[in-house]
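Reader: Could you take me through the salt bridges in this one, and then the helix packing that goes with them? I'd like a close look rather than a tour.

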Amino acid sequence: MRKEKWVRAELKLVKPLLTKPAALGLNRQTQELAGKLIAGSDVVFEDVPMAGFEAGFARPPGADDKHAILYLHGGGYTAGGIAHAKGFGSVIAERTGTATFCPAYRLAPEYPYPAALDDALAAYRYVLKAGYERIFFCGESAGGGLSLALCHRLHTLGLPQPVGLVAVSPWTDLTLSGESVLGNSAVDPSLSYEQLAFDADCYAGGQDLRLPEISPLFGDLSHIPDTLIFAGSDELLLSDSTRLHEALLAAGVHSELIAAEGMWHVYLMYDLAERQEDLPLAARFITERLYHG
């Protein structure tokens, strides 16, 4: 279990190297390495052939064939391959005892919007076709925003919504209009405005950044399922979480927000000794809605 001060120091050390547009290749390599380092050990990964992208199921012992989690990884829509997808996806599978489908959707700038969303939809359709009756969405950073965007797409298509959603530091507003984007610039150890603006431009590909399928905060949220949001008080994207939480409540959706004091972007993935209660909380939220909802 990692200590907060050590992880923060390491993040601050590599931030100048990774939060620049020119560092895209290095950022992708680092994301893959991070996925391998955090991967759960008590799971079996089963590769699944998909058209245009890699994917697979992380299966813990005793997982049944009726309940599944769709996990969508982060990386600003520009980084994160199958190793990264397997990483936290396998942790979620292990913690919940549930088969977790982990797609490594296509990345921008090579594949801008709607490629990632189209791949997320294809992954969801695959899980449905495989016979899973109750499906939960989980995503971190861009993957958290993508989970919400997928809910918007499902609503448009008339397809069933998931039974719940966990969003870890979700990127919900690619216009970067939240006050914390600049307000937390001096304390966030991992993100920069420059990096976020670059990623947003790459992903949008010239489309309106306020489109709900790009910035899900600006869409009708009344069809979103019960949601649990995690964010760090020091992260640039804190406002993306707080405004999402407030908008969900205003839309009549059950929403819970954990804004961890002194924490940073996607802190939940680091299994910190100081926040050891949060992963079990996420697991309980998921299993209650999957198995007892």
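Author: Here is a walk through the charged pairs, followed by one helix pair and the nonpolar cores. A quick note on the basis: this is a predicted model, where local features need pLDDT of at least 70, side-chain atom pairs count only at pLDDT 80 or more, and totals for chains, interfaces and linings use all residues. Residues are numbered from 1 along each chain as its sequence is written, and side-chain values use heavy atoms, leaving out hydrogens and water.

Searching the whole structure turns up 13 salt bridges, each one a side-chain nitrogen of Lys or Arg within 4 Å of a carboxyl oxygen of Asp or Glu. Take K66 and E133, whose closest N and O atoms sit 3.5 Å apart. This pair ties together distant parts of the chain, 67 residues apart: K66 is in the loop between strand 2 (54-59) and strand 3 (67-72), and E133 is in the loop between helix 4 (115-129) and strand 5 (134-140). Helices here are DSSP runs of H or I with at least four residues, strands are E runs of at least two, and both are numbered from the N terminus. K66 is partly exposed at 36% relative accessibility, while E133 is exposed at 59%; buried means under 20% relative accessible area, exposed over 50%, and partly exposed in between, with a 1.4 Å probe and protein chains only.

R289 and D226 pair up as well, at 3.3 Å from N to O. They are 63 residues apart, with R289 in helix 9 (residues 278-291) and D226 in the loop between helix 7 (193-204) and strand 7 (227-232). R289 is buried at 14%, and D226 is partly exposed at 28%. Then there's R275 with D278, at 3.0 Å between the closest N and O atoms; D278 is buried, at 2%. Salt bridges with shared partners also join D118, R153 and E213 into one network.

Now for the helix pair. The axes of helix 4 and helix 5 (residues 142-157) come within 10 Å and cross at roughly 70°, the axes being lines fitted to C-alpha atoms over the stretch in contact, with angles from 0 to 180 degrees between N-to-C directions. Contact, meaning heavy atoms within 4.5 Å, involves residues including D118, L121 and Y124 of helix 4 and L146, L150 and R153 of helix 5.

L146 and L150 turn up again among the residues touching the most other members of the largest nonpolar core, which has 54 residues. Such a core is a set of buried Ala, Val, Leu, Ile, Met, Phe, Trp, Tyr and Cys residues joined through side-chain atoms within 4.5 Å.
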